[in-house]
Amino acid sequence: MDNQYVQGLHALLEQSTANDTVQLKAATAQLNQEYYKNPLCITALATIIASSPNQAIRQLAAVEMRKRVVQNKGDLWLKAAPAAREEIKARLPEIVLAESNKLVRHSTARVIAAIASHELAVNNWDSLLPFLTNNCVSPNAAHREVASFVIFTSLQLFDNWPINSQYELFGNLLRDPESLEVRITAVKCLGLVAQLLDEGDKADVKAFQPLIPGMVQVVGQCIEAGNEPGARALFDVLETLLILEIPILGTYIPQLAEFLLTCGGNRNYDPELRVLSLNALSWTVQYKKSKIQSQNLAPALLEGLMPITTEEEPEDIDDDAPSRSALRLIDGLATNLPPAQVYPALRVLIQRYFSSPEPSSRRGAMLALGVVVEGCSEFMTPLMGEVWPVIETGLRDSDASVRKASCVAVTCLCEWLEDECASKHDVLVPTIMQLVNDPAAQRSACTALDALLEILGDKIEQYLHLIMERLSGLLSSAPISVKSVVVGAIGSAAHASQEKFLPYFQPTMEQFTQFLVLTGEGEEQDLRGIAMDAVGSFSEAVGAAVFRPYFADMMAQAFAGIEMGSARLSECSFLFFGVMAKVFGDEFAPYLPTVVSSLIASLQQPEHGDDFLGAEADLANVFASGDSPDTAIPVDGQQIDVEDINVDIDKMLEVNSNVCVEKEIAADTIGAIVAHTRSHFLPYVEQCTVELLSQLSHYYEGIRKSATDSLLEILRVFYELSGGQEWTPGAVVETPLDPRVAQLVNHVLPQLMDMVESEDNKRVVATVCTGLAETMNKIGPAFVQGKVEEMAKIALDILDQKSLCQQDPDQDENEEAPEDNAEYDSVLISAAGDLAAGLATVLGKDFSGAFPTFYASISKYYKKNRSLSDRSSAIGTLAEIIAGMKGAITPFSETLLELFYRALSDPDPEVQTNACFAAGLLIEHSETDLSAQYLHLLSALRPIFNIPQDAPAPRLNARDNAVGAVARLIKRNVAALPLDQVLPVFFEAMPLKNDYLENRPAFGAIFLLFNTQPQVLGAYLERLLQIFAFVLDPSGPDMVGDEIRAQLISLIGVLNASNPAQIQAAGLSPFVPGA
């Protein structure tokens, strides 16, 4: 080796470490031009690593050597003389063992790994594996550290590392007697090994699994030692194992969960490490839920989590703490597991903790109650009688922290149990209004009030004046953080009160003006954004005519908010655009060029802030090497090691997350604007469609979901604007689409179908299913042409719990999916039912061939041990399928009727509602004479009629559908009914108060009887006239539609000819034709 060449390279490397930018650029240019294109540089760099007295130069030489070895697929390395390559391979292992500095050792180890990735691929470095194996068992700890680290870096680069012979070696490294670093590296190696395994590598999986307890033990050692970097790295390994599609963890899940819970609950450990433990446990619940469920681990986990919930919370809402992690875990258990495994156990714990004299325990109980409701709302509904006394007591607790926590619980309950909370308004509103004046609980109370007002509807009228008086006062006196929630609450008050908000509109707008021009960051931005949201609610409440004077100025403020560069303000502006499009329709059109441009710009923006560009580049460089994006590393003199990079990852992820949410809202807003601006949006359809399609592959599920919704909204609106004709159901398309619509469908639908095939998020899949169903119901058979089998498979896979988003690698192939599901799983099942029903609607009689398969997959969800959602969805889906197939359902009539009899006696009125509807449709459409079943059906329906007038809405709804079922019996074969027994009950249940759609069959039956057997109605005429007056009342909602209204008015005219006094007495004279 030319010594002068080496010295020249060494000098340039020294120059490149200087702080002088001019010297650095000159050195870098000369290195690139004179050295780094020459294969001799590799040998020279190796020499410098071995001989330079300057640690920084040795480290930089190693970084540069690795870069030269890997760039262009090893081209420069392969051009080096064979003898030189052999000498380097012989010397580098010795050099790395002799190196005293850890950074240089690590960088040199990466050079060895880079060379190994080329040489081992062609079996040309026989001495490396024995060297590593021998040094992994060396009595010198530093040698073991080096050897294990070389294996780790090699595994990062080389997929064909001979892992099957090294499980015993890894096991020994996990038990290293003196070096925690060796043990940590061994765990990291095994994390990489696991990623190389395939589902078919059963022998490797079997060999790997016994190492898991040792890996977990090392994690515990890191936590015990307070080694945060090591612990973080190993928790990353655990999370990798959890998300792999091979069942590596298998039977160890209970032990892993217990370990993580123990670490998370140990108050002697560093809080950050406890949070890491609890976060890993959260991943365990999410990704290994079948094992958590089958082992019934939830009660034990909840027992361990509740003490953590009692710990102090940080003031800053963005700061993490073990208590917050524990509450997130309770939420995760509730949303991922069947409620029966979670809520009963938690209910006992809540009662115990809420009875404690310690305020922290009572606070923890209230917060746990709040977070569990998201996943257990349906399960909790019949048990709310025992929950409300706890809530009311908590709101009046002597300790402020408990009162605040109780307000949080109310906020959560309002989100998931709207009807239950609205029914308690007479207690909740006054109590929370008192807490609004309580400085210690004021902010939480205003948030709870906001959530409550959002769902009150017309019940708000009795409180509106007091609420506005109290909240308006706080706008001038409260701190800015409280003003934000007060503004939100006023927006919710407007939403609930609608036109009754009119007297408060102008003075409130005057108060809000100051908030809409705030330019500060943090709390000021939050206040400005929430004020913009509230103004949107005002516009919907008071209407376009009243809001019009403010329209242009508020749009200007929304655009100004976008220009401020805040993701939060952009979200609020986008939401405001959607509301304005809804309120003003055609008048919004002039803003479309600017609005659409803003939305597209949002979707196309990178997901980081300018502050992190440099840091992100450093990260990209460190995790790669060379010239391409895959292979670049830094060329400066800094001593860089992966584990020593000082980048605020949490801050970067926060920016990333904020931008993702902004993009989600932007994608969603496109759909909202399309729906309301319609033809005005046509010039932007292509641009927006292309951009939304590009978002279908985004890693954030919220963006994929919103993009799906908006794409399908564009299709539906585009179809309507094309003048879409009425279509005929069937597999053969009789009414083709407008060519432009067909082109758009063919552009969008294949990409949506591709996305579903690989989609692992249940909510996104549910959105696709319901969106496809809605779109095919609008567009007809032409929409599904060529895609029927593919769509049917999507629905059936979900119903049979075989879709990708439902898979758990730790569930045995032959193991039946559990019948008891999380409530979120039931949402997905219901969505698949919507898709199946949509296919039946567009295919009509041609769905007959698929019906038996779908029936088997759907009907299994109607069992006593299934949840209310599953039972209700199963019967509702079959009803919609009958409505689609019509007479083609005939061959399946008896099978269906047998199921519907069972559903009619279901204890829940929601299921009874669907069963009444389904049975009635079957009678209406089946061509089999089912008259022999009429008395049996009437007997099954009779208990549904026997309810008091003040019964809960679900039971009234069931009765309305029972009326519809009886009406369909009358219309199908009136002679088979004992009218003298049927009609008194039938008319007593009218007028319908809840489900106005059932007025169609109900009045159809009445018209039939007037036309064919008017004499049977004579005794009921007075009652019928009262019913007619109720549904025709112009001050009420439209209950019957134009067609029935016209027939009803015609009938009143006929009756008036013979009974004018009765018509007048009933108040129907104004409806007599010609009156």
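The radius of gyration is taken here over C-alpha atoms, and the value expected for a globule is 2.2 Å times the number of residues to the power 0.38. For the 1075 residues of the protein chain, this rule puts a compact globule near 31 Å; the chain has 35 Å, which agrees. The model is predicted. Along its principal axes, the C-alpha trace spans about 125 × 70 × 65 Å.

The secondary structure of the protein chain consists of 53 helices and zero strands. Of the 1075 residues, 56% are buried. The accessible surface amounts to about 45,300 Å², and carbon and sulfur atoms contribute 50% of this area. Among contacts with a sequence separation of 6 or more, 73% join residues that lie 24 or more positions apart.

Helix α10, formed by residues 167–174, is mostly covered, with six of its eight residues buried. These buried residues are Tyr 167, Leu 169, Phe 170, Gly 171, Leu 173 and Leu 174. They pack against five elements: α8 (128–136) and α9 (141–157), which come before α10 in the numbering, and α11 (180–196), α12 (202–208) and α13 (212–225), which come after.

A single buried polar side chain was examined in helix α17. This helix covers residues 289–294 and contains Gln 293. Residues under 20% relative accessible area are classed as buried; Gln 293, at 10% relative accessibility, therefore counts as buried. When residues up to four places away in sequence are left aside, Gln 293 touches Leu 337, Pro 338 and Gln 341, together with Pro 818 and Asp 820.

Packing between two helices is described by the angle between their axes and the distance between the axes. For helix α37 (residues 701–721) and helix α39 (residues 762–779), the angle is about 0 degrees and the axes are 9 Å apart. Angles under 35 degrees count as roughly parallel, and α37 and α39 are therefore roughly parallel to each other. On the α37 side, the contact is made by Glu 701, Arg 704, Lys 705, Thr 708, Asp 709, Leu 712, Leu 715, Arg 716, Tyr 719 and Glu 720. On the α39 side, the contributing residues are Arg 763, Val 764, Thr 767, Val 768, Gly 771, Leu 772, Glu 774, Thr 775, Lys 778 and Ile 779. By class, the contact of α37 with α39 comprises nine charged, seven nonpolar and four polar residues.

Terms used:
Residues numbered from 1 in each chain as written. Predicted model: local features only at pLDDT ≥ 70, side-chain atom pairs only at ≥ 80, totals over all residues. Heavy atoms only, no water. Axes fitted to C-alpha atoms, helices over the stretch in contact; angles between N-to-C directions. Helix = DSSP H or I, 4+ residues; strand = E, 2+ residues; numbered from the N terminus. Parallel < 35°, antiparallel > 145°, perpendicular 65-115°, else oblique. Contact = heavy atoms within 4.5 Å. Nonpolar A, V, L, I, M, F, W, Y, C, P; charged D, E, K, R; others polar. Buried < 20%, exposed > 50% of the residue type's maximum accessible area, 1.4 Å probe, protein only. Areas by Shrake-Rupley, 256 points an atom, 1.4 Å probe, with all protein chains shown as cover.
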